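Subject: The structure I promised you

Hi there,

Here is the structure we talked about, ready for you to open beside this email. Have a look at it first, and then read on for what I found.

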Amino acid sequence: MRLLIVEDEWIIAYDLRQFLESLGHTVHDITDNAEDAVKLTEKFLPDTIFMDIKLKGDKTGLEAADVI
């Protein structure tokens, strides 16, 4: 599976990436804000997005998910 992680806590994002890759999945990128999440989704077309609600920047994960 192609995955995208949207998480502003770097240790959580890193641990999640390590876990998912140990299961054989491909994590295309990690971002900490909603704007980049939308752009990366358009670029990579991930199968699944792991999205935090509170992110850096003006928009939330819920707002990013609504756009995506």
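To begin with burial: of the 68 residues of the chain, 28% count as buried. Please keep in mind throughout that this is a predicted model.

**Overall build**

The chain holds three helices and three strands, and read from the N terminus its elements run β-α-β-α-β-α. Along the principal axes, the C-alpha atoms fill a box of roughly 35 × 25 × 15 Å. A compact globule of 68 residues would have a radius of gyration near 11 Å, and the chain agrees with that, at 11 Å. As for contacts between residues at least 6 apart in sequence, 62% of them join residues at least 24 apart.

**The sheet**

The three strands form an open sheet in the order β2-β1-β3, with parallel pairing. The edges are taken by β2 (26-31) and β3 (48-51); each has a single partner strand, so one side of each is left without a neighbour in the sheet. On average, neighbouring strands here are turned by 20° against each other, direction ignored.

If you want to trace the pairing by eye, start with β1 (residues 2-6), which pairs with β2 in the parallel sense over five bridges. Leu3 has Val27 of β2 as its bridge partner, and Ile5 has Ile30 of that strand. Strand β1 is also mostly covered, with four of its five residues buried.

Thr31, in strand β2, is a nice one to click on. Is Thr31 buried or exposed? Its relative accessibility is 6%, and because buried means under 20%, Thr31 counts as buried. Beyond its neighbours within four places in sequence, Thr31 is in contact with Ile5, Val6 and Glu7, and also with Asp36, Ala37 and Leu40.

**Helix α2 and the cores**

Helix α2 (residues 34-44) lies across β1, β2 and β3, and runs at about 155° to β2. Its buried residues are Ala34, Ala37, Val38, Leu40 and Thr41. An α-helix has 3.6 residues a turn, so residues three or four places apart point the same way. The buried residues of α2 pack against the strands β1, β2 and β3 and against helix α3 (61-67).

Which residues make up the largest nonpolar core? There are eight: Leu4, Val6, Ala34, Ala37, Val38, Leu40, Leu55 and Ala64. Two elements, β1 and α2, give two or more residues to this core, and α2 gives the most, with four. Another core, of five residues, lies apart from this one, and includes Ile5, Ala13, Leu20 and Val27.

Ala34 is worth a closer look as a member of the largest core. Leaving aside neighbours within four places in sequence, Ala34 is in contact with Leu55, Lys56, Lys59, Thr60 and Ala64.

**The two ends of α2**

At the N-terminal end, α2 is capped by Asn33, with a side-chain oxygen 3.3 Å from the backbone nitrogen of Glu35.

Just after α2 comes Leu45, in the loop between α2 and β3. Leu45 has a positive phi of about 50° although it is not a glycine. With 56% relative accessibility, Leu45 counts as exposed, because the cut-off for exposed is over 50%.

**Asp52**

One last stop is Asp52, in the loop between β3 and α3. Its relative accessible area is 23%, so Asp52 is partly exposed. Which residues does Asp52 touch, not counting those up to four places away in sequence? They are Val6, Glu7, Asp8 and Gly61. Take Val6: Asp52 and Val6 are 46 residues apart in sequence, yet 6.0 Å apart in space, C-alpha to C-alpha.

If you have only a few minutes, I would look at the sheet order β2-β1-β3, then at α2 lying across the three strands β1, β2 and β3, and then at the eight residues of the largest nonpolar core.

Happy to go through any of this together whenever it suits you.

Best wishes

Technical notes: Residues numbered from 1 in each chain as written. Predicted model: local features only at pLDDT ≥ 70, side-chain atom pairs only at ≥ 80, totals over all residues. Heavy atoms only, no water. Pairing = 2+ DSSP bridges. Axes fitted to C-alpha atoms, helices over the stretch in contact; angles between N-to-C directions. Contact = heavy atoms within 4.5 Å. Core = buried A, V, L, I, M, F, W, Y, C linked by side-chain atoms within 4.5 Å. Buried < 20%, exposed > 50% of the residue type's maximum accessible area, 1.4 Å probe, protein only. Polar contact = N/O pair within 3.5 Å; in protein donor to acceptor, adjacent residues only side chain to side chain. Rg over C-alpha atoms; globule rule 2.2 N^0.38 Å.
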